[in-house]
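Here is a quick tour of a model with a ligand in it. Have a look at the structure first, then read on.

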Amino acid sequence: MTAQPAPGAEVVAGMAAYYARRAAEYESVYAKPERQADLRQMEADLAAPFAGRRVLEIACGTGWWTPHGARLASDWLATDLNPETMAIAQAKRLPACVRFAAADAYTLAEIAHEPLFDAAFAGCWWSHVPLQRLPAWLDLLHTKLAPGARVVFLDNSFVQTSSTPLTRTDEAGNTYQQRRLNDGSTHEVLKNFPTPEEAFALLGPRARRPQWQAHTHYWVLQYERA
Ligand SMILES: C[S@@+](CC[C@H](N)C(=O)[O-])C[C@H]1O[C@@H](n2cnc3c(N)ncnc32)[C@H](O)[C@@H]1O
């Protein structure tokens, strides 16, 4: 019997390759003028939930959020699959508690099981996980977290005047964008824009006290691992 690929396997592999290729130009997305007020607010707010905690960051990319989140943490392990993005993060001036490790977010095989983390963070990651994989992915993340651990996801809201248009929806309800890089290549990228109700339903009993904060261009979801 041949092994069947996991749902969304091609999409997941394509997304990793896309971000490796985009690494050098990635942070231009944080220069959009209309997003600056949201960004400053979220950067300022990000440290408090992690104060004194051991934090696992998933898909840290170029480390835009890392210095803000890690400011008051006791330990912060920033992980990403791609060396191209992580090299940019590693070259930044960061709080002394920050360490890096290459890790595939879909296996987390590179992350030691003990001691468990008491917090987790992922920026602009939830939106790229195929809907049919999110429940299992949350379960996997939670295997690395102690009960009561604080979890924060932040991500983009869809704003007609600022977001890349959606080009199609698949049978599972995932939405897609066509994106162009500076080298002229075009890429179809899965990008979902959940409502708070959809996100809470996906979390289900895994999460205690889920909270959703809507900014204009972003949302922030926080909860405690049950
Ligand atoms: C939208 S970027 C987010 C980067 C950063 N967290 C931020 O908010 O600016 C998505 C990141 O996911 C990483 N990535 C893609 N596939 C991955 C995987 N399977 N495991 C871990 N990271 C992955 C990419 O390298 C990229 O850095």
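## A serine, two cysteines and a ligand

The side chains of Ser185 and His187 make a polar contact at 2.8 Å; within protein, that term means a pair of N or O atoms within 3.5 Å, one able to donate a hydrogen and the other to accept it, with residues adjacent in sequence counting only if both atoms are side-chain atoms. Keep in mind that this is a predicted model: local features need pLDDT of at least 70 and side-chain atom pairs pLDDT 80 or more, while totals for chains, interfaces and linings use all residues. Numbering starts from 1 along each chain as its sequence is written, and side-chain values use heavy atoms, leaving out hydrogens and water.

Where does Ser185 sit? Look in the loop between strand E7 (175-180) and strand E8 (186-190); strands here are DSSP runs of at least two residues (E), helices runs of at least four (H or I), numbered from the N terminus. Ser185 counts as buried because its relative accessibility is 13%, where buried means under 20% relative accessible area, exposed over 50% and partly exposed in between, using a 1.4 Å probe and protein chains only. Leaving aside residues up to four places away in sequence, Ser185 touches Arg21, Arg179 and Arg180, with contact meaning heavy atoms within 4.5 Å.

How many disulfides does the structure hold? Zero, going by a cut-off of 2.5 Å between a pair of cysteine sulfur atoms. The sulfur of Cys60 has its closest cysteine sulfur in Cys124, 13 Å away, so the pair is too far apart for a bond. Cys60 is buried at 7% relative accessible area, and Cys124 is buried too, at 12%.

Now the ligand. It has 21 residues around it, and the closest are Tyr26, Tyr30, Ala59, Asp80 and Ala105; to be near, a residue needs a heavy atom within 4 Å. Three N or O pairings with the ligand are worth a look:

| Residue and part | Ligand atom | Distance |
|---|---|---|
| Asp80, side chain | oxygen | 2.7 Å |
| Asn82, side chain | oxygen | 2.8 Å |
| Ala105, backbone | nitrogen | 2.8 Å |

On its own the ligand has 590 Å² of accessible area, and the protein covers 98% of that (Shrake-Rupley method, 1.4 Å probe). Helix H1 (residues 9-22) gives the most to the shell, with three residues. By type, the shell has 14 nonpolar, five polar and two charged residues; Ala, Val, Leu, Ile, Met, Phe, Trp, Tyr, Cys and Pro count as nonpolar, Asp, Glu, Lys and Arg as charged, and the others, Gly among them, as polar.
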